[in-house]
Amino acid sequence: MMQGKFIAFEGGEGAGKSTQARLLAAALAAQGIDSVVTREPGGTPGAESIRALLLGTEGEGWQPRAEALLFAAARSDHVDRLIRPAIAAGKWVICDRYVDSSRAYQGGGGGLSDSEVLDLHRIGSSGLLPDLTLLIEVTPEIARQRATTRDVGGADRIGGRDDAYHAKVAAAFVRIADAEPARFARIDGNSDAQSVHMAVLKALEPLLGAA
Ligand code: Z5A
């Protein structure tokens, strides 16, 4: 059996990652490709429990190192129990956020070094990386608008951090993507969902040709 592929969507909050993950799964299904859409933090019962600890707004919150360890622990469970088995079964895994979110948020935003975050990923998940990571980029104004539409119940603990934090995260995403052009595609997410989807499919052409 052919191995599946591993695709991740990354970007700031409200960029349209979840929307694009769903559209991609539907496009793959139309081509007869079986996929599983999942998310981080989360994707397995254990990782979803850690998600609640990380994003809930009760309590005093986590300092950056504890936060990075919790994200890495959730990812470890997700990789072992869902991502690796699905790829081995020939499915495409479409993941809404993955390790580059830890590099951008806990690294760029929280002040951990990139090598510290990658060390945790090596220990927790044997350093597994996606075949392609799609960075969806939108202006801060559009991100705010979309996140407000979505967050009717209020922002989560990390989404609710100040603009300076989110600007550092956005800059880190660009730095990371530009340093690894073979693993990343930067996608302009400012237009309507269908146009962004077309750009996503274009970026995936080399992988779709090989499927
Ligand atoms: N985090 C971290 O710190 N470290 C880590 O390692 C990981 C995560 C993995 C949870 O993320 C938080 O955890 C996140 C980073 C941190 N906090 N922040 N910021 P999440 O993925 O659950 O939450 P999110 O990224 O903030 O939001 P989201 O729901 O995933 O947003 P999105 O997926 O990018 O957007 P969307 O849900 O597809 O779209 C939002 C709205 O815009 C919705 O109403 C759509 O219908 C609309 N939309 C989407 N696309 C379009 C277009 N193209 N045009 C117009 N309207 C659109």
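1. How far from an oxygen atom of the ligand does a backbone N or O atom of A15 lie? The distance is 3.0 Å. Keep in mind as you look around that this is a predicted model.

2. Two other spots on the ligand deserve a look. An oxygen atom of the ligand is 2.5 Å from an N or O atom in the side chain of S18. Over at A193, a polar backbone atom is 3.2 Å from a nitrogen atom of the ligand. As for how covered the ligand is, it would expose 1,000 Å² if taken alone, and the protein buries 84% of that.

3. Now zoom out to the pocket. The ligand takes up the space of the largest pocket. Several helices help to surround the ligand: α1 (17–30), α2 (45–55), α3 (64–88), α4 (99–109) and α6 (140–150) each give two or more residues to the shell. The largest share comes from α4, with four residues.

4. Who is in that shell? There are 27 residues around the ligand, and the closest are S18, T19, R97, S102 and R150. Sorted by character, the shell has seven nonpolar residues, 10 polar ones and 10 charged ones.

5. R97 is worth a second visit. This residue, one of the closest to the ligand, sits in the loop between β3 (92–96) and α4. Its phi is positive, about 80°, although R97 is not a glycine. Most residues other than glycine have a negative phi.

6. Another backbone oddity is at P41. The peptide bond leading from E40 to P41 is cis, with omega near -10°. Most peptide bonds are trans. You'll find P41 in the loop between β2 (35–39) and α2.

7. Finally, try the salt bridges. The count for the model comes to 15. One of them joins E116 to R65, with their closest N and O atoms 3.2 Å apart. Why does this pair tie together parts that are 51 residues apart in sequence? Because E116 belongs to helix α5 (residues 114–125), while R65 belongs to helix α3. Helix α3 has come up before, as one of the elements giving two or more residues to the shell around the ligand.

Conventions. Residues numbered from 1 in each chain as written. Predicted model: local features only at pLDDT ≥ 70, side-chain atom pairs only at ≥ 80, totals over all residues. Heavy atoms only, no water. Near = heavy atom within 4 Å. Polar contact = N/O pair within 3.5 Å; in protein donor to acceptor, adjacent residues only side chain to side chain. Areas by Shrake-Rupley, 256 points an atom, 1.4 Å probe, with all protein chains shown as cover. 1 Å grid on protein atoms, 1.4 Å probe; cavity = no way out; pocket = protein on both sides within 12 Å on 5 of 7 lines; lining within 4 Å. Sits in = over half its atoms within 2 Å of the grid points. Nonpolar A, V, L, I, M, F, W, Y, C, P; charged D, E, K, R; others polar. Salt bridge = Lys/Arg side-chain N within 4 Å of Asp/Glu carboxyl O.
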